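Welcome! Let's take a walk through this structure together, one part at a time.

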Amino acid sequence: MSLSSPRPPHRPRARRRLTAVATAVVCSLTTGTLLTAAPALALVPAHGGADDLAPHVTAPRVLAEMRDDEVAALGQEHAEEHARMRAAVRGVGDYPQTTRTNRLKALTDSQSTTNAAFDKAAFGAFNQYFPSPDFGDHVALLPTGKVLLFSFERIETNPEKEPAPTQTTGTENAGRAFLWDPAKGYGKDAFKQVTPPVVDMPDGLDQPRPAPFFCSGHSFLPNGMLGVFGGNLGGNGGTGAKLSLIFDPWTETWTRNPDMSVGRWYPSVVTGADGRQLIMSGQSELGWGTPTPVVERFPAKNFPVPQRKTDVPRNPVDRFKADAPFSLDYPHLFSLNDGNVYGFGRQAAEQWKFDPLAETRGDLTARPDGRKRNYGSAVPLPGGVNGPDSALILGGDRDNPSTLRFSNGSWTAEKSRAFGRTQDDTLLLPNGKLMTVNGAYDIRDYGNGPYNPNADLKYRQIELRDDQGNWKLGPVQRLPRGYHSNAVVLPDGRVMVTGDELQQLANNPDIDGTVSGVPGTTGPVTMNGTIEIYEPAYLHQGDRPQLGNAPTTPVGYDKKFTVTSTTPGLASKAVLLSPTTSTHSVNTSQRHLDLRLTGRAGNRLEFQAPPDAKAAPPGWYMLFLLDDQGVPSVAQWIQLSSSA
C-alpha cells in the first residue's frame, strides 16, 4: 500500500515464520478458543521441551498467556505448557530488548541536549518521565483530579507488529483501565486498576472477558461521570461493538448499560447544552468499511439527565431523528454557544450542524482546502464570557501545516504551524493560548515506512500559539508519539502527555517487567506505557495567584458566586476550563470561558457564572485565577447546573 493511501488504523497481525513444531501447535489453535490438548502434549514434553524450543520465553510472558479456563479444564501443568507455547509463538521475530534500551537512551540524551537551548520562562519545559501500567490510548481527567487511562490487553510486544487485538475474538480481545492520581506522584502506588465490566461479547464463543472498549468514543455527563460508547467486537478489519458504559469517578467503578442499536468502532461523542450525549459515526458491527450514519442519544429522551454524584444512569440510548453520514471515523464534534453541535468530518464536504432540540441536520460550507484529513486535531476557540462560537481545524496531514477557522458559517485561513503533522493533540491552556504536542508522519508510519518505529524526530517538538495566532516551536518531548497519543491539562496547570503503544513498546527499558502491589490488583501488573509531564512557561514566571475556597454546591447559570484568595492583588481574572477526555486526536470536551468579575472585598472575589448552558454545557469545570500576565493558580473544581 502506498504512503498516499493510508491503511485502516489497525492492521491484522502479520504472520510469523514459525518452527515446524510451533507451526504444528498453532494449527491446533483457533483464535479465542482452547488449544487442543493431545497434539500439544505430544509435541511439547512435560518438562524442558518448551524452554528448549524457545529459550527467550520468560516467566512474565508465560504468566501473561495463562488462561483460567485452561487451568480448570487441563490442570495447572498442562495449562502452563500451552501458555508457554503461545508465548513462544508470539516471540518469534521479536524486537530485542537491547534495541529498546538503546533507543530510550538516545531519545533521553537528545531531549536533554535540545531542550537546554530553550528558556523555561518563554517556552516551558518537560520535567518528569515515568512508567505507567496502561498505554493511555484513551484518557479522561476526572473531577476528582485523577486521570482515567484505558486501552487493551496487548497481544504483541514487537513494535513492528500490531499489539492490539483488533482482529482477535474471544478472551484475548479484552480491555484494561487504570486511574493515575497525580497527588500520589509517579510510583506504582499512584495507579489503581479499575477493570471494566466482564462481558460476553456476541462473537459466538461464550468467553467472557473485560469489555473490549478500546477505539470507543466518550464524553462527560453533567454529574462528572464518563459515558463510553462502542469498542472492538473483533475481526474483519475492525468491527464495532454496541457497548454502552459509564465510569463513576466518585466510586471509581464501571456500569454497563443496555447496548446501543448499532456497533461502533471509532465513534465520536459530544455533550450538548441539554446535558445529553450525541453518539455519531464509527464502523458498524459488520466490520471495517461499514460506517454507520445512525445517531444515538444518551440518556434516551424519556430518561432524566444525571445531575448529582449519586445519579448513576442505568438507561438505554435512543435514536436521534437526523442521521450523520460521515464516511470516515472520529469526526470532531463541538457544542458551540448557539446550542448547536457542529460536526467537522475528515472529508472536506462532510461538515454539518445538528440541532439537539429539533433533532435536525443542516449543511455547512465545505472545508476550503478540499483535502481528506487523517487524524489531525481541532479545538473550539475561547469566546470570552459567552463561550466558543468558532473552532480551529489543524493539519491532519504531513503535507498540511494549515489551520482553518470556522466561524459564523464560513471558513478563514489562520496562521499555519511550522510543518504538517497528523495524530497530534492541541490543547487549550488556562491562559487561553494553544499548545500542540505529539504528532506523526502518517497512521502507523513514523517517516520510515509502516510499523517502523524509527521516527522523524521533528514531530517531538511542541508548538505554541499566542493570542495573535502566531505559532512558535518549543522544546521536544522524550518519545515521539503519534497514533493513539493523548495529552491532558491537569488542575495544577501542568500537561500530562501519554499514548502511542508502538512507541512505548519500542522504548520500554524492561518489556517483560512487572510490578506487584498496584491497588485494585491481585497479581503482577505489566508497565505497558509511559507518562511525560510538560510545565508550560507560566509555571516558570514567578508567583502564582492562590485560590482558596470555591463553591462546593452546584452553581447556577448567570448566578454570582464568591471565592477566596490569599493573594487577591494577584488575581486579575478567572476562567473556567473543562476537563479533557480524548482519543485519536479527538477531544470534544475542551472549552475555555472567561468569568465576569463583579466585586472585590478583602480576600473575597465575586464572579458571575456563564450566562446559560449554551455558553457552557452543564458539568464540572476547573476554575483558575490568573494574574495580569496569564499565570494561573492551581484550580478548584466547580459544577455548573441548570437546576441550581
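Two strands count as paired if DSSP finds at least two bridges between them. With that in mind, look at strand β13 (residues 277-280) and strand β14 (residues 296-298): three bridges join them, and the two run antiparallel. One residue to pick out here is Ile279, whose bridge partner in β14 is Glu296.

Now turn to the other partner of β13. Strand β12 (residues 268-271) is joined to β13 by four bridges, again in an antiparallel arrangement. Here Ile279 of β13 has Val269 opposite it. The two strands β12 and β13 make a hairpin with five residues between them, and in the turn you will find Gly275, with a positive phi of about 85°. As for the side chains of β13, Gln277 and Ile279 point one way while Leu278 and Met280 point the other way, yet all are buried.

Before going further, keep in mind that this is a predicted model. The chain has a mean pLDDT of 90, with 89% of its residues at 70 or more. Residues 1-56 are another matter: their pLDDT is below 50, although this stretch has 101 contacts in the model beyond near neighbours in sequence.

Let's finish with the interior. The largest nonpolar core holds 45 residues, and Trp180, Met435, Leu490, Val495, Met496 and Ile531 have the most contacts inside it. Strand β39 (residues 619-626) supplies the largest share of this core, four residues. Take Leu490 as an example: leaving aside neighbours within four places in sequence, its contacts include Trp180, Met496, Met622 and Phe624. There is also a second, separate core, with 23 residues, among them Leu547, Phe561, Ala571 and Leu595.

Methods. Residues are numbered from 1 along each chain as its sequence is written. This is a predicted model: local features need pLDDT of at least 70, side-chain atom pairs count only at pLDDT 80 or more; totals for chains, interfaces and linings use all residues. Side-chain values use heavy atoms; hydrogens and water are left out. pLDDT is the predictor's confidence in each residue, from 0 to 100. Contact means heavy atoms within 4.5 Å. Buried means under 20% relative accessible area, exposed over 50%, partly exposed in between (1.4 Å probe, protein chains only). A nonpolar core is a set of buried Ala, Val, Leu, Ile, Met, Phe, Trp, Tyr and Cys residues joined through side-chain atoms within 4.5 Å.
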